[in-house]
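Subject: Structure for your review

Dear colleague,

Please find below the structure I am handing over to you. My findings follow it, and I would be grateful if you read them with the coordinates open.

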Amino acid sequence: MVLSVVPAPSPAAVHVARDEASGLDGLIVLHSTTLGPAAGGCRFWTYAGANEMAADAFRLAEGMSYKNALADLPFGGGKAVLRRPEGDFDRRALFEAFGRAVEELHGTYVTAEDVGTSVEDMRAVASASRHVAGLPPLGDRPGGDPSPWTARGTFLAMQVAVERRLGRPLAGCTVAVQGVGHVGAALARMLHEAGVKLIIADIGSTQVARVAAETGALVVPVGAILSAKADVFAPCAMGGILSHATIGSLSAKVVCGAANNQLATRKDGERLADMGVLYAPDYVVNAGGIINVAAEYLGWSAATAEARVEETGVRLARVLDLAVSSGLATNVAADQLARETIASRPLDLRAVA
């Protein structure tokens, strides 16, 4: 096992985790520990190279700092990003090696599921470290796959965003959902039950067909989902979808989805605002999963976790109010509020003991 520290371009620690025997190759980025241990999931993905992996890790870790702060959690922000090995590999051995890397950080980082990882992967991590969540629930304690909670928070935020921008309820609106994996599929089902018309796209034909059969959604090619005629665009796949090159083709007047890092750059949030598009900042919208993870790790009840997720719309409204009163794009307002929260709120060591 190789676990080394390299300089970071921000107040963070960056740990390189490698284990030749298992094929482990990744980064654990601690963006901030001001409010508590850096908490954030483990992403397992195919990256073109080390630079792409590092860029993803840094942006995701920063987003977790802001997400945890605005969700009023006693955690800083961190993220693990692991490169999927080419060819055959022993998945359990790889995640056990990752667990050893997490344990060597002595509780400064808490991991859980993210894109490409599962409850079973976290069980492998837990065989080597106790600083992990997303494990099967015990009794009435929170646990398991956090994606339904991410979807629930996104749904609640979408209700607020639609009422603010369109002046009407979500029911009867058309929502274009990009990506129907664990979170996107759960969100699509919630929207269908609420009387929403759906347009969906995903690179996985089996998954998109299943969700379409369940919800009556119109399926379009992945390249057509951004410009689909809809009231709301809900990015629920990978990040960076909203850029200078793509924003001009957007049809919807509300962007509210569960994907992390939806904006390619911060300037793209201002571009959306200039177009009259209400962008619901992703790390405010998609905090339901990390709330469930925090509840599991800290021993909170399922009822406490649920109550905090149900406040997602209230937290978004606070950001939108600041954006209006300060004349800021919504992503800038969210960043400002998160930084102020981190700077003003002392660490409560009792909450993370």
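The second largest pocket of this predicted model has a volume of about 270 Å³. Its lining consists of 16 residues, and those nearest the centre of the pocket are R59, N261, R266, Y283 and D335. By class, this lining comprises six nonpolar, five polar and five charged residues. Helices α1, α8 (282–285) and α12 (330–344) each contribute at least two residues to it. Of the elements that line this second pocket, α1 gives the most, with four residues.

The largest pocket has a volume of about 1100 Å³. It is lined by 41 residues, with D114, V115, G116, V183 and C236 nearest its centre. The lining divides into 18 nonpolar, 16 polar and seven charged residues. At least two lining residues come from each of β5 (42–45), α1 (50–70), α4 (147–166), α5 (182–193) and α9 (288–298). Helix α1 therefore deserves your attention in both places, as it supplies at least two residues to the lining of the largest pocket and four to that of the second largest, where a lining residue is one with an atom within 4 Å of a pocket point.

I also examined helix α7, which spans residues 267–274 and has D268, G269 and L272 as its buried residues. Viewed down the axis of α7, these buried residues fall within an arc of 105°, so they line one face of the helix. The cover over them includes β13 (278–279) and α12. Helix α12 is also one of the elements that supply at least two residues to the lining of the second largest pocket. After α7 comes G276, which has a positive phi, near 80°.

As to the protein as a whole, its secondary structure comes to twelve helices and 13 strands. The radius of gyration is 19 Å, close to the 20 Å that the globule rule gives for 353 residues, so the protein is as compact as a globular protein of that length. Along the principal axes, the C-alpha atoms fill a box of roughly 55 × 45 × 45 Å. Buried residues account for 55% of the 353 residues. Among contacts with a separation of 6 or more, 65% are between residues 24 or more positions apart.

Yours sincerely

Note on methods:
Residues numbered from 1 in each chain as written. Predicted model: local features only at pLDDT ≥ 70, side-chain atom pairs only at ≥ 80, totals over all residues. Heavy atoms only, no water. 1 Å grid on protein atoms, 1.4 Å probe; cavity = no way out; pocket = protein on both sides within 12 Å on 5 of 7 lines; lining within 4 Å. Points joined across faces, edges and corners; volume = space filled by probe spheres on them. Nonpolar A, V, L, I, M, F, W, Y, C, P; charged D, E, K, R; others polar. Buried < 20%, exposed > 50% of the residue type's maximum accessible area, 1.4 Å probe, protein only. Arc of directions from axis to C-beta. Contact = heavy atoms within 4.5 Å. Rg over C-alpha atoms; globule rule 2.2 N^0.38 Å.
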